[in-house]
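Here is a short tour of the model shown below. Keep the viewer open and follow along chain by chain.

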Amino acid sequence: MKGEARKKFTREVFSRPKSLVDVRTHFCPGCHHGIAHRILAESIDHFGIREKTIGVACVGCSVFLYDYIDVDVAEAPHGRAPAVATGVKRAQPDKFVFTYQGDGDLAAIGTSEIIHAANRGENITVLFINNTTYGMTGGQMAPTTMLGQKTSTSPYGREFRNDGYPIKMAELLATLEGTAYSARVATSTPGQIRKAKEAVRKAFEMQIREMGFSVVEFLSTCPTNWGMKPLDAQQRVLGEMSEYFPLGVYKERRQADFV
Amino acid sequence: MTLASAEIRRELMKGNEAICVGAIAAGCRFYYGYPITPQNDIPEYMSAHLPPIGGMFLQAESEVATINFLLGTSASGMRVMTSSSGPGISLMQEGLSYMAGSELPAVIVNISRSGPGLGGIAPSQGDYFQAVKCGGHGGYRMPVLAPHSVQEMYSLTMLAFDLADKYRNPALILGDAIIGQMKEPFVPTPYVPTVPQEKPWALTGCAGRPRQNVKSLYLKDNEIEVHNWKLHRKYRQMQEEEVRFEPYRMDGAGIVIVAFGTAARVSKTAIQWARKEGLPVGMLRPISLFPFPSREVDEAAAGADVVLVIEMNTGQMLEDVRMSTRHHDKIRFLGKPCAMPTPEEIHQEIRRLAGEIGVKAGNAR
C-alpha cells in the first residue's frame, strides 16, 4: 500500500514527535535518555510550543540536547543550567524555558543553583535524570549513587561514613515554597512511561500557567557504567532504586493555592 | 526646543552611580548581582531604577549564579550587566570563559579591592592580571577599560556595551574603590550607538527559522581548533581597532609616567606641580588595558629619558610595559599595593628621576 491508499486505509497511531530530530543518538544501548528525550519532545508537541521553547543543556551525556530536540538551546556550564534558564526566562517571560540535567550536574555541582531557582519560584521546568552515576566521564560516584554501589571512584562500594548518603532531590525540592510541582518517575515499564509523560505534562502546565518552578526526576539507567545488561539495568531501577527513591508526586500546587 | 532645554545638565554623582546611568543610557535593562564592598552602590542603584522603566533587577545567590544569569539573558539577545569586586569576580571566571567561548556579549564591572583572598576593602589595582590576562580557563581575551574619572565611569560603560556587542564577547570595566566611591560632576552625554542592534544569533525560539544554539563545546575533529582561530582573529581585531589611551602633557616629556585609573588621576596632579617647576614630565595613560597601547608605550619610551610606571600594586601592568618596548633600562616603577599613592609621593619620585636624568627643578623648558 502506498500514497493515497495508505492514508485511506491506515490510521497513524505512532510516529516520531515533530520536535524530535530524526538522527541517531550517541546514547548507549539500554540508556533511558532516549525515552526521556522522546517524552520531552512529545510534551513540546502536545502544547504546540516548539517555536517558543528555549532549552538549556547541562554538562554530561545530555549536553547534545541541541542535536536531538528541534528547539533553540543554550549550553550551560556544569551545574549552572537553572541559573542560565533564569537569565533566559527573565529576559523572555513569554517563552517556555526548560533545563535537562543529570544527577552530577543538578545534585552535586549545581545544588546551589537548583535550590535557589526553585526557592525563587523561577517559572521554569527542570527534567532531572538520575542514573546514580556520572555517565559521560566514565561512571564515577554521583551524589545519588546508592550505598554499596561500586563505581570507578567508589571501587569498594559507596560507604556512608566516607561518602554520605544518596541525595533525594525530588523530596528536597518539594519542601521549598517556590516549587509548584515535584515528582519522581521511572521509564522501565510501559505503565511507568505513561505516568512519566503525565508528570512532564503537569510540569509543563505549571510553567504555562505561571505557577512557578516545576521539576520531574527520572530514575534512569546507565547499563554501560553499571556493568549490566539493559534488562538487568531495568530491574535495578524497578528494584533497589525505586525502593530508596520512591516514585510519586511530592508536590503539586493547585491554582487555588497560588496568589 | 529652546537652547536651554537642549542643554545637558551636569550631574554630581559617585563613580559607581555614573556607571549605572551610563548602562541605562546604553539600553541595558537587565542587571544581576551579589553584594560585595565597595561596589554596592551599583546593585542598589539598579534595584531602584530598573524596575520603574520596565527593566529587571535580580539579586543572585552567588556570583557563580550571577554570571550565568548574564549568560542566559545575553543568549536571549539583551544587553546585560553585573558588577562585583575581586573575590566575586574570581567566582565569575568560569562563566566568563564560557561566555567568551560561546561568543556572548555582556558588561562586567570590577570595582576592585585589595587582595589576595578576602584581602581588604582598600582600593587596589591588584586585579590587573586577572582582568587583562583573563582568569578563566582555556585562553580568551576581553576588552578591558580603565576609567580615571566619574565622567569616564559613565562614558566607558556605554562604550563597553558597544565593544561587547561588536565582538560578541564579554567586556570588563576595571575600576577601584576610589573611583567608585568618588563624587564629582560629569556630563551625561547622549548615547550614540556605534554598532548594529540586531542579534540574529539570539535564542528567541525557532519561529520561522531553523533551531539555533549557543555553545562552547566542540568535540568533532578539528572543530575546537577552528573555533580557537576564529576567536583569535577577534582578539587581533581588537588589538588593531580598540586601543585607547590619553597622552597627557607629553610635549617634551623626558619623564613619561605610565599609569591607569586612580593612579593616573593622582599622577595628573603631581605632573601639574612638577610642570610648574619646569620639570619635563608627562603621562601616557592606557584607557584600554586590553588591548594594551603597546606601540604608543614603545614610541614614548624611545623618546623619553625615563619611563615611570605607577600602579596600586607591586607591578602588574609593569610587565606589559616591559613587553611593549626594548628600552628596559629606562623603566622605573612606583608601586603601592592596597593604597593610593599620594600626589606628594609621585611628585617626589618625579623630582628624584629628574635629578637622575640631570634636569633641575626651576629650569622651565
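## Strand β2 of chain B

In chain B, β2(B) and β3(B) run parallel and are joined by 4 bridges. One place to see this pairing is Gly33(B), which stands opposite Gln59(B) in β3(B). Strands of a sheet pair through backbone hydrogen bonds, either parallel or antiparallel. Please bear in mind throughout that this is a predicted model.

Strand β2 of chain B covers residues 30-33, and its side chains are easy to sort: Phe30(B) and Tyr32(B) point one way, while Tyr31(B) and Gly33(B) point the other way. All of these residues are buried. The pattern fits a simple rule: in a regular strand the side chains alternate between the two faces of the sheet.

## Where the two chains meet

Between the chains, 31 residues of chain B are in contact with 28 residues of chain A. On the chain B side, the elements that give two or more residues are β3 (56-59), α4 (63-75), α6 (93-102) and β10 (213-214). Helix α4(B) provides the largest share, 8 residues. By residue class, the side of chain B that touches chain A divides into 15 nonpolar, 12 polar and 4 charged.

Strand β10(B) also pairs across the interface. It runs parallel to strand β2 of chain A (residues 72-75), and 2 bridges join them. Here Val73(A) has Asn213(B) as its bridge partner, and Ala74(A) stands opposite Val214(B).

## A sheet shared by both chains

Which strands make up the sheet that includes β10(B)? An open sheet is formed by 8 strands in the order β9(A)-β7(A)-β8(A)-β4(A)-β3(A)-β1(A)-β2(A)-β10(B), with mixed pairing. At its edges are β9 of chain A (248-252) and β10 of chain B, each pairing on one side only.

Helix α4 of chain A (residues 81-91) packs on this sheet, touching β1 (53-57), β2, β3 (96-102) and β4 (125-130) of chain A. The direction of this helix makes about 175° with that of β3(A). Is α4(A) largely enclosed or largely open to the outside? Because 11 of its 11 residues are buried, α4(A) is largely enclosed by the rest of the structure. Among the buried residues are Lys89(A) and Arg90(A), along with Val84(A) and Val88(A).

## Ser220 of chain A

Ser220(A) lies in the loop between β8 (213-219) and α10 (223-226) of chain A. Why is Ser220(A) classed as buried? The cut-off is 20 or more other C-beta atoms within 10 Å, and Ser220(A) has 27, so it qualifies.

Leaving aside neighbours within four places in sequence, Ser220(A) is in contact with His32(A), His33(A), Ala36(A), Ile129(A), Asn130(A), Asn131(A) and Thr187(A). For a longer reach, the C-alpha atoms of Ser220(A) and Val23(A) are 22 Å apart, with their positions 197 residues apart along the chain.

## The two domains of chain B

The domain assignment splits chain B into domain 1 (3-241) and domain 2 (245-356). Their C-alpha centres lie 28 Å apart. Across the boundary, 27 residues of domain 1 are in contact with 22 residues of domain 2. On the domain 1 side, the elements giving two or more residues are β6 (120-123), α7 (128-134), β7 (144-145), β8 (170-176), α9 (177-181) and α10 (223-241) of chain B. The largest share, 4 residues, comes from α7(B). This side divides into 16 nonpolar, 9 polar and 2 charged residues.

Pro123(B) lies in strand β6 of chain B. Pro123(B) is buried, with 27 other C-beta atoms within 10 Å. Not counting residues up to four places away in sequence, Pro123(B) touches Asp176(B), Ala177(B), Ile178(B), Thr262(B), Met312(B) and Met340(B).

## Helix α14 of chain B

How far apart are the end C-alpha atoms of α14(B)? At 1.5 Å a residue, the 14 residues of this helix (343-356) should span 20 Å, and the end C-alpha atoms are 20 Å apart, which agrees.

In α14(B), the buried residues are Ile346(B), His347(B), Glu349(B), Ile350(B), Arg351(B), Leu353(B) and Ala354(B). What covers them includes β12 (255-258), α11 (261-276), β13 (281-286), β15 (306-311) and β16 (331-335) of chain B. Just after the helix, Gly358(B) takes a positive phi of about 80°.

How values were computed. Residues are numbered from 1 along each chain as its sequence is written. Chains are lettered from A and ligands numbered from 1 in the order in which they are written. This is a predicted model: local features need pLDDT of at least 70, side-chain atom pairs count only at pLDDT 80 or more; totals for chains, interfaces and linings use all residues. The expected span of a helix is 1.5 Å times one less than its number of residues. A residue is buried if 20 or more other C-beta atoms lie within 10 Å of its own, exposed if 12 or fewer, and partly exposed in between; C-beta atoms are placed from the backbone. Two residues are in contact if their C-beta atoms, placed from the backbone, lie within 7 Å. Domain bounds come from an automatic or database domain assignment. Ala, Val, Leu, Ile, Met, Phe, Trp, Tyr, Cys and Pro count as nonpolar, Asp, Glu, Lys and Arg as charged, and the others, Gly among them, as polar. Two strands pair if DSSP finds at least two bridges between them. Axes are lines fitted to C-alpha atoms, for helices over the stretch in contact, and angles run from 0 to 180 degrees between N-to-C directions.
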